[in-house]
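Good morning, and thank you for the time. I would like to introduce a structure that is new to most of this group, and I ask that you keep it in view as I speak.

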Protein chains: 2
Amino acid sequence: MSRKQIKLAVNLRGVGDSISEWRHPDAQPDASVNFELYKQWAKKAESALLDAIFIADGLYITEQSLPHFLNRFEPVSLLSALAAVTSNIGLVGTVSSTFSEPFTLARQFGTLDKISGGRAGWNVVTSGTLDGAADNYNEKQIEHDAKYRLAAEFLEVTKGLWSSWEEDAFVRDKESGVFFDPAKMHTLNHKGEYFSVKGPLSIERSPQGQPVIFQAGTSEAGRNFAAEQADAIYSIPKTITESIAFREDMRRRAETFGRSADDILVFPSIAPVVGRTAEEAEQKYQEMASLVTITDALKYTSRFFNHHDLTQYPLDEPALNLLDLVPAQQGSLKNFTEALKSGITLRQLALEATTPRSPFMGTPEQVADTVQEWFEAGAADGFMLVPFGPFGMDDFLTQVVPILQERGLFRTAYESDTLRGNLGLHIPQNRYVTN
Amino acid sequence: MSRKQIKLAVNLRGVGDSISEWRHPDAQPDASVNFELYKQWAKKAESALLDAIFIADGLYITEQSLPHFLNRFEPVSLLSALAAVTSNIGLVGTVSSTFSEPFTLARQFGTLDKISGGRAGWNVVTSGTLDGAADNYNEKQIEHDAKYRLAAEFLEVTKGLWSSWEEDAFVRDKESGVFFDPAKMHTLNHKGEYFSVKGPLSIERSPQGQPVIFQAGTSEAGRNFAAEQADAIYSIPKTITESIAFREDMRRRAETFGRSADDILVFPSIAPVVGRTAEEAEQKYQEMASLVTITDALKYTSRFFNHHDLTQYPLDEPALNLLDLVPAQQGSLKNFTEALKSGITLRQLALEATTPRSPFMGTPEQVADTVQEWFEAGAADGFMLVPFGPFGMDDFLTQVVPILQERGLFRTAYESDTLRGNLGLHIPQNRYVTN
């Protein structure tokens, strides 16, 4: 089954997720810490009627970090600021459950949700603690599976805190002097494996009840966590087939947790390259690819090969032997295994690693066709637009979105004032209300 | 010594710090969660050229909490939103060092500081853990003196993180492809008693270097902490004499920590009641006082007497015997001891507890005179306006501020774009820069 219309969000990521996008002539090289620019972007996305903007995050940096990671805004503060200058678009921010406190997070997202009139979303990430993040958080250690157990308890607590007040708890009757109804104030009294949180939360529910929960896990534990807890999933599929399988799997898992399959929305990320002609799209791709020097590209690509120095190998011969450099086929390398086996060169591999080629490429009609194909095949409920280059968002919003609207596949006006309303998600019942 | 001009901040506190202010005919009873109202307030304060708005906070509530405490915005999120709709006024928010993580706090205030163009301030509070806050934070326990040791280490870490990047670290030269200068990126590598934080921070310094540090401690440990670490102090003196002594003490302590006495600004809080005539001011006071029922007032006042039921005592007889109810003269009760000894009744005491009478009361000229007197006597570098009633801020800004301006005691234009600039504070040197 597919929904009637496509949902669309855009991942705003400053100077870009690549090592060299900031060097593009049209790029603002301080974009990641330029609030005026984020404001423009958010307003453009809102003018185009997108469901949400999305802010990714990370909790540590090194000299080798991508430019955008080195120097960027913290998501909750950024989205709160953007809430004040937008009125309809959803505001989804990434925060790690591993390194946060549920009471603080529930207050901050509760505040964002109130300030925005019900437009907040929280992308729950379960930071690994064996990576650098733990170094910034008192060397807190937690295993892979335990971090999902912790995240599930964290969600349980925050959702409980967001139920602290029934909708009509605040009476505010000046005449009688009754400010609130104590019977509609609920104390959580949570004591669990990882958290002890009494409550109640010191902020009332927002018009959408509580923030929309995004998640992006792909491991077994991550999928189950998302299927049980999330309203929306950010996925990064390589192909339509993979995306259909993932979405079906998530819908099935949601049902095993007693939810409806439609309670969970899958948002594959796409980085469309749009040109007036297919050739112009290819030119735009090449223009971006050419910003990466081969030295930088090899240095970047080495992270998929245990940081092995790749400059010692020939650039323009089939590079299948690179697979021998890595003991097992590890996570990120998997994406390149097939390509290497099919005979690509090191130069081609480095190019693909630093400037991946999107299946969503071509004229506006071609890109709209691909979007429609994925949507109608059940590969997506919505899409997470990850702008390709400084022109990527504008191109998609001004050229592709109107086609989707003409085809009846995308809204021509916001249906609701809240993010849940626009996404077609129900408002979670307050857990203390039994009617 | 006193400075040339008075600094002014305003504490924005929703429905008020009293139990009944929300019942005033002009009060918006949802003020504490009404962002449009906070926006109006911030803009008014900015139009009047105030140095800063200030947001207090607390980390737990009970049924007995004041209306504003029960249901309000979280300060960092609120101030980030206000940053987007203001351009000159400082944005000072309260966050507890006891229940926060330095890396997260440094990022959030660093983001607020960047978004606002250098207008952020952090009011460091060292929440007691024997009170209800610990119940919302995994029952974390820490003793009174240790909490200041923790706070000092916390400040050390955050200030270190705010020095992660030298001012010119981000080169962003598209031609050469150099995004940043690794020699100007500094890794903190902090390992202390309470925190282990490697860094660097993933956001560059703001135009004011780092957020302004506010503090409000009055204990010996609190005073030393403020004298060593703070740029500004929020004090709550009863009299001008007390305030002069406090300010002198803090200036002297600052010097013992190797700082200049002028590096620290003392902001006594004041709640002026302004009328066209002294009688009108008295009427405004009585109007506010009358909103509190005697039952509510007694209930509220009982918190100063170990929650002893006060309704059993005569209302209109001298109430000196109430002092016997409390074993030792504890913190908050001290304020009433003198009054009780001088023979006030329980009704008068309850009135004073719920609606304290300000020494800053009368016509605009009288209030301006008192402000000037305190300032020139060395009782204050600035004042923290705590609006008395829903009209309190407007009255002061429109009637008293112009008089202070006429007298040359308050600015007629912002001196700077940053909070440090307006407060006349220097920009802290990056700790890694030795020139």
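I begin with a definition: for the axis I am about to mention, copies are superposed by least squares on the C-alpha atoms of residues with pLDDT of at least 70 in both. Please bear in mind that this is a predicted model.

Let us start with the two chains. A turn of 180° and a shift of 0.0 Å along the axis lay chain B on chain A, with an RMSD of 0.1 Å. The two copies are thus related as by a two-fold rotation axis. As for the contact between them, 100% of the contact residues of chain B recur in chain A, so that the same surface serves both copies. Which residue of chain B comes closest to the rotation axis? That residue is A81(B), whose C-alpha lies at 1.9 Å.

I turn next to domains. In chain A, the domain assignment gives domain 1, made up of 7–276 + 359–423, and domain 2, covering 293–354. The C-alpha centres of these two domains of chain A are 32 Å apart. To their contact, domain 1 of chain A gives six residues and domain 2 of chain A gives seven residues.

Now to the aromatic rings. Over all chains, the structure holds 46 aromatic pairs. One of them joins W165(A) and F180(A) in an edge-to-face arrangement, with 5.6 Å centre to centre and 80° between the planes. W165(A) belongs to the loop between α6 (144–161) and β5 (170–173) of chain A, while F180(A) belongs to strand β6 (residues 178–180) of chain A, so the pair ties together parts that are 15 residues apart in sequence. Are these two residues buried or exposed? W165(A) counts as buried, at 1% relative accessibility, and F180(A) is buried as well, with a relative accessible area of 13%.

Ring pairs also link residues of both chains into a cluster: W22(A), W165(B), F170(B), F179(B) and F180(B). Rings meet charges too. The charged end of R357(A) sits over the ring of Y285(A), 4.2 Å from its centre. In chain B, the charged end of R357(B) sits over the ring of Y285(B), at 4.2 Å from the ring centre.

The next topic is the interior. In soluble globular proteins, nonpolar side chains tend to be buried together. Here the largest nonpolar core has 203 residues, and those with the most contacts inside it are F396(A) and F396(B). Beyond its neighbours within four places in sequence, F396(A) is in contact with residues including L8(A), I270(A), V367(A) and L404(A).

Finally, I would like to look at two positions in chain B. A152(B) is found in helix α6 (residues 144–161) of chain B. With 24% relative accessibility, A152(B) counts as partly exposed. Leaving aside neighbours within four places in sequence, A152(B) is in contact with F225(B) and Q229(B). Between the C-alpha atoms of A152(B) and D395(B), which are 243 residues apart along the chain, the separation is 39 Å.

The second position, P237(B), is in the loop between β10 (232–235) and α8 (240–256) of chain B. P237(B) counts as buried, at 15% relative accessibility. Outside its neighbours within four places in sequence, P237(B) is in contact with E242(B), S243(B), P268(B), S269(B) and W374(B). P237(B) and F267(B), 30 residues apart in sequence, are 9.8 Å apart in space, C-alpha to C-alpha.

Thank you for your attention.

Conventions:
Residues numbered from 1 in each chain as written. Chains lettered and ligands numbered in written order. Heavy atoms only, no water. Contact = heavy atoms within 4.5 Å. Phe/Tyr/Trp six-rings, centres within 6.5 Å; stacked < 30°, edge-to-face > 60°. Helix = DSSP H or I, 4+ residues; strand = E, 2+ residues; numbered from the N terminus. Buried < 20%, exposed > 50% of the residue type's maximum accessible area, 1.4 Å probe, protein only. Lys NZ or Arg CZ within 6 Å of the ring centre and 35° of its normal. Core = buried A, V, L, I, M, F, W, Y, C linked by side-chain atoms within 4.5 Å. Domains from an automatic or database assignment.
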